[in-house]
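Please open the model in your viewer, with side chains available as sticks, and follow the stops below in order.

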Amino acid sequence: MYVCMHNWMRPEPIERTIERLSSLGYDGIQIMGEPRKYDWQAVKAQLDKYHLKCFGAVSIMLAGRDLIHQDYYYRQMSIAYVKECLDMVGALGGNMFTLVPNEVGRVTPRATPELEWEWAVEGVRACAKHAQQYGIRIGLEPLNRFETNFLNRHDQAIKMMQDVNEPNVGVCLDAFHINIEEADPYQAIRATGKHLVDFHVADNNRRPPGEGTWDWAKLIATLKESGYTEGPLTAEFVVPFDRSPLGAQMEDAGTEASAEELKFIRDHGSDLMSDAQYTKHCDAAIKHLRACGA
Ligand code: LER
């Protein structure tokens with residue numbers, strides 16, 4: 001299986017991310033959905049230089065980026081944002097886009113369930129049609145209830161996929177989120193199987209695979225048995241920042257982040273860490289996945 005990794009967890013020059021992933025044996029990157037942050041041609045040249053593939057991107061649904069926002073104009077802006085992310089993926093040679101339809105961190109409704117569902121179907125359909133020119137598949141990702149009150153389970157994502165009814169829309173599952181929300185995470189993988197566009201990996205505690213309770217050999221075998229053999233395992237671990245006296249002192253991060261990037265990382269319970277610490281986690285992740293059959 002291919003192993004790739006997100007890059008939103010450590011803001012840094014993208015060339016450092018690409019170099020690190022290549023040196024550790026990753027097959028690719030799933031770049032963060034911030035199209036105006038990157039010089040797409042320069043990134044493509046760096047990917048070619050380090051022989052790394054861009055599998056695609058993931059939506060970064062900051063405040064206001066919300067396909068189910070109660071304000072029509074915010075919904076239209078959000079569709080425009082996703083379309084620009086898709087243009088970036090196309091420019092980088094990717095073929096997938098993981099889409100969280102709503103603002104991450106919003107857990108209260110702003111309209112009726114019926115209206116929100118209708119808005120999401122409309123928005124995802126508009127994005128899917130835009131993606132078709134690039135051959136990009138969209139994976140709808142359910143998140144745990146503490147990050148959204150909209151799509152939390154695989155069957156909801158499948159229902160959304162069916163209602164959108166576009167051939168390039170499927171589902172992305174994430175080991176951390178399904179461990180929280182699914183009655184049987186393995187059954188969720190089996191039931192989603194052929195619809196899977198992407199599969200995000202982090203342990204039950206959102207640390208790198210191998211540092212929690214997931215049986216990674218069983219999880220990877222279940223993915224393969226369910227027909228998910230060509231898609232990547234995409235590392236998206238978010239190392240909890242232990243502020244207690246028990247926590248190891250975080251070394252100076254040695255990197256910069258915008259206020260939005262830092263908030264997004266801290267909202268996920270983590271913080272900036274040093275290149276050395278981050279590289280150690282990235283290395284441990286792929287080593288464990290490979291040892292478990294990836
Ligand atoms: C996105 O893939 C995800 O898992 C969220 O926790 C962050 O947006």
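The tour goes to the ligand, then to the residues around it, and then to two cysteines.

Keep in mind throughout that this is a predicted model.

Begin by selecting the ligand and the space around it; the space that the ligand takes up is the largest cavity.

Next, show the residues that surround the ligand, which are Val-58, Val-104, Glu-141, Leu-143, Glu-147, Asp-174, His-177, His-200, Arg-206, Glu-236, Phe-264 and His-268. If you colour this shell by class, you should find four nonpolar, three polar and five charged residues.

Now turn to individual side chains in that shell, and display distances to the oxygen atoms of the ligand. Select Glu-147, where a polar side-chain atom lies 2.6 Å from a ligand oxygen. Then move to His-177, which has a polar side-chain atom 2.9 Å from an oxygen atom of the ligand, and to Glu-236, where the distance from a polar side-chain atom to a ligand oxygen is also 2.9 Å. With these contacts in view, add a surface: on its own the ligand has 260 Å² of accessible area, and the protein covers 100% of it.

For the last stop, leave the ligand and select Cys-4 and Cys-54. Are these two cysteines buried or exposed? Cys-4 is buried, at a relative accessible area of 0%, and Cys-54 also counts as buried, at 2%. Why is there no bond between their sulfurs? The sulfur of Cys-4 has its closest cysteine sulfur in Cys-54, 8.4 Å away, which is too far for a bond, given that a disulfide requires sulfur atoms within 2.5 Å. The structure accordingly holds zero disulfides.

Notes
Residues are numbered from 1 along each chain as its sequence is written. This is a predicted model: local features need pLDDT of at least 70, side-chain atom pairs count only at pLDDT 80 or more; totals for chains, interfaces and linings use all residues. Side-chain values use heavy atoms; hydrogens and water are left out. Buried means under 20% relative accessible area, exposed over 50%, partly exposed in between (1.4 Å probe, protein chains only). A residue is near a molecule or strand if one of its heavy atoms lies within 4 Å of it. A polar contact is a pair of N or O atoms within 3.5 Å; within protein, one must be able to donate a hydrogen and the other to accept it, and residues adjacent in sequence count only if both atoms are side-chain atoms. Accessible areas come from the Shrake-Rupley method with a 1.4 Å probe; for residues, only the protein chains shown count as cover. On a 1 Å grid over the protein atoms alone, a cavity is a set of points where a 1.4 Å probe fits but cannot get out, and a pocket is an open set with protein on both sides within 12 Å along at least five of seven lines; lining residues have an atom within 4 Å of a point. A molecule sits in a cavity or pocket if more than half of its atoms lie within 2 Å of its grid points. Ala, Val, Leu, Ile, Met, Phe, Trp, Tyr, Cys and Pro count as nonpolar, Asp, Glu, Lys and Arg as charged, and the others, Gly among them, as polar.
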